Amino acid sequence: MTIAADAPRFHVLAVDDSITDRKLIERLLKTSSYQVTVVDSVSKALQFLGLLEDGTTATPPGQKEVDVNLIITDYCMPEMTGYDLLKKIKESSLLKDIPVVIMSSENVPSRINRCLEEGADEFFLKPVQLSDMKKLRPHILKGKSMDSNESTSTPSSSSKKKSSNEGILPEWTKTRLNLPWSFLSYFSSSTCNY
Amino acid sequence: MAAFAQEQLDALVNGMYREGFLDEQFQQIRALDEGGSPDFLVELLGLFCADTDRMLNEAALLLNQPIVDYKKVDAYFHQLKGSSASVGAHSFKLTCMLVRDSCDKNDKESCLEALNLAKQRFYELSKRLNIMIQLEQAVYAHKAGK
């Protein structure tokens with residue numbers, strides 16, 4: 001696969017306990033020109049991100065600072081779920097601006113809503129398609145512009161999830177949180193496969 | 001020679017779609033192969049088959065215990081349903097759902113029946129997938145040699 005020498009490659013961390021799905025998501029991401037790291041559990045993802053059990057951040061010794069532009073994670077995993085990972089990321093001052101996408105093979109409205117309310121940027125129904133990869137870039141670019149905004153403007157004071165999310169989530173998401181059913185029809189038309 | 005292998009491959013794959021072994025998700029998977037090389041397909045299907053084989057055996061062990069842990073069995077088939085959907089293994093996916101239904105009812109006998117059906121379906125599928133892989137590699141080898 002040829003990539004322009006100076007084109008930046010965004011780095012995606014993918015989390016899935018299924019070896020088949022890990023292979024597939026890795027391929028989908030690489031085909032879409034992302035640099036990919038794949039792990040098989042939430043605890044390994046947290047380790048990679050330098051997030052400790054107690055929620056504090058520490059770069060593991062010998063590892064240079066991790067630069068992850070997006071995290072895509074399966075929902076249903078043994079021990080810690082994708083939702084647990086999402087929560088830990090949003091609770092971390094260092095990592096909360098990294099966009100998070102949740103994948104699930106099950107279309108459960110309450111699950112989808114729960115994830116979105118916790119700050120997930122997107123929810124994919126499995127099996128994930130190549131066309132779904134196109135939906136990632138806007139979230140990455142939005143995340144990047146958040147970084148540059150924060151460095152130039154006065155720092156936001158609140159550490160509460162909800163108010164910090166208001167700055168990150170686009171208008172349509174806020175509206176959809178109040179109208180779960182119309183939101184669900186948006187996803188089911190594009191990704192439902194049964 | 002290459003044309004023959006291609007014909008065989010097409011016939012096999014079309015037959016698998018027709019008989020419900022595969023669904024349109026498989027098309028998506030195949031389209032991810034680059035430059036005609038079936039490396040990704042071969043690797044993915046290899047992982048899928050090995051992992052499925054392992055989980056079916058572990059589920060069988062669980063179901064043969066005097067006290068069955070239906071939650072664990074269900075967890076295996078939840079995974080299998082997911083991975084089979086990911087590769088487009090349609091009819092095998094359906095048998096996984098049958099096992100889960102039996103697990104819900106905590107019904108050992110119907111669970112064992114459903115498991116046997118899943119094993120049978122997987123055996124039929126993996127046989128065909130193995131032939132498909134060989135044909136894909138033969139077709140590619142000839143094309144690459146040109």
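Helices (H or I, at least four residues) are DSSP runs, numbered from the N terminus. On that basis, chain B of this predicted model reads α-α-α-α-α-α along its sequence.

**Figure 1. Chain B is built from helices, with no strands.** The chain holds 6 helices and 0 strands. Its C-alpha atoms fill a box of roughly 60 × 25 × 20 Å along the principal axes. Of the 146 residues, 49% are buried. Contacts between residues at least 6 apart in sequence were sorted by separation: 68% of them join residues at least 24 apart. The accessible surface comes to about 7,500 Å². Carbon and sulfur atoms contribute 52% of that surface. Chain B carries 16 positive and 21 negative charges, and the mean positions of the two sets lie 2 Å apart.

**Figure 2. Confidence scores for the model and for chain B.** The model scores ipTM 0.93 and pTM 0.81. Chain B averages a pLDDT of 94. In this chain, 99% of the residues score at least 70. Where pLDDT is low, predicted coordinates should not be read in detail.

**Figure 3. Helix 4 of chain B, a mostly covered helix.** Helix 4 spans residues 70-87 and has 18 residues. From first C-alpha to last, helix 4 reaches 26 Å. That is close to the 26 Å expected at 1.5 Å a residue. Burial is the rule here: 14 of the 18 residues are buried. Just after the helix comes B:Gly88, with a positive phi of about 85°.

**Figure 4. B:Thr52, a buried residue in helix 3 of chain B.** Helix 3 covers residues 39-63, and B:Thr52 sits within it. Is B:Thr52 buried or exposed? B:Thr52 counts as buried because its relative accessibility is 0%, and the cut-off for burial is under 20%. Which residues does B:Thr52 contact, leaving aside neighbours within four places in sequence? The partners are B:Leu80, B:Phe92 and B:Phe122.

**Figure 5. B:Asp104, an exposed residue in helix 5 of chain B.** B:Asp104 belongs to helix 5, which runs over residues 90-104. Its relative accessible area is 63%, so B:Asp104 is classed as exposed, a label that requires over 50%. B:Asp104 and B:Tyr70 are 34 residues apart in sequence. In space, their C-alpha atoms are 7.7 Å apart.

**Figure 6. B:Asn106, a non-glycine residue with positive phi.** The phi of B:Asn106 is about 50°. This residue is found in the loop between helix 5 and helix 6 of chain B. Helix 6 covers 108-145. Most residues other than glycine have a negative phi.

**Figure 7. Chain A mixes helices and strands.** Chain A has 9 helices and 5 strands. From the N terminus on, the elements run β-α-β-α-β-α-β-α-β-α-α-α-α-α. Buried residues account for 47% of its 194 residues. Among contacts with a separation of 6 or more, 66% involve residues 24 or more positions apart. The accessible surface is about 9,900 Å². Carbon and sulfur atoms make up 53% of that surface.

**Figure 8. A:Ser33, a loop residue with positive phi in chain A.** Where does A:Ser33 lie? A:Ser33 is in the loop between helix 1 (19-31) and strand 2 (35-39). Its phi is near 70°, a positive value in a residue other than glycine. A:Ser33 is partly exposed, with a relative accessible area of 34%.

**Figure 9. A cis peptide bond from A:Lys126 to A:Pro127.** Omega of this bond is near 0°. A:Pro127 lies in the loop between strand 5 (122-125) and helix 5 of chain A. Most peptide bonds are trans.

**Figure 10. A:Ser131, a partly exposed residue in helix 5 of chain A.** Helix 5 covers residues 130-133, and A:Ser131 is one of them. The relative accessible area of A:Ser131 is 43%. That value makes the residue partly exposed, because the class lies between buried, under 20%, and exposed, over 50%. A:Ser131 and A:Glu106 are 25 residues apart in sequence. Their C-alpha atoms are 19 Å apart in space.

Key
Residues numbered from 1 in each chain as written. Chains lettered and ligands numbered in written order. Predicted model: local features only at pLDDT ≥ 70, side-chain atom pairs only at ≥ 80, totals over all residues. Heavy atoms only, no water. Helix = DSSP H or I, 4+ residues; strand = E, 2+ residues; numbered from the N terminus. Buried < 20%, exposed > 50% of the residue type's maximum accessible area, 1.4 Å probe, protein only. Contact = heavy atoms within 4.5 Å. Areas by Shrake-Rupley, 256 points an atom, 1.4 Å probe, with all protein chains shown as cover. Lys, Arg positive; Asp, Glu negative; His and termini not counted. Charge placed at Lys NZ, Arg CZ, Asp CG, Glu CD. Expected span 1.5 Å × (residues − 1). pLDDT = per-residue confidence, 0-100.
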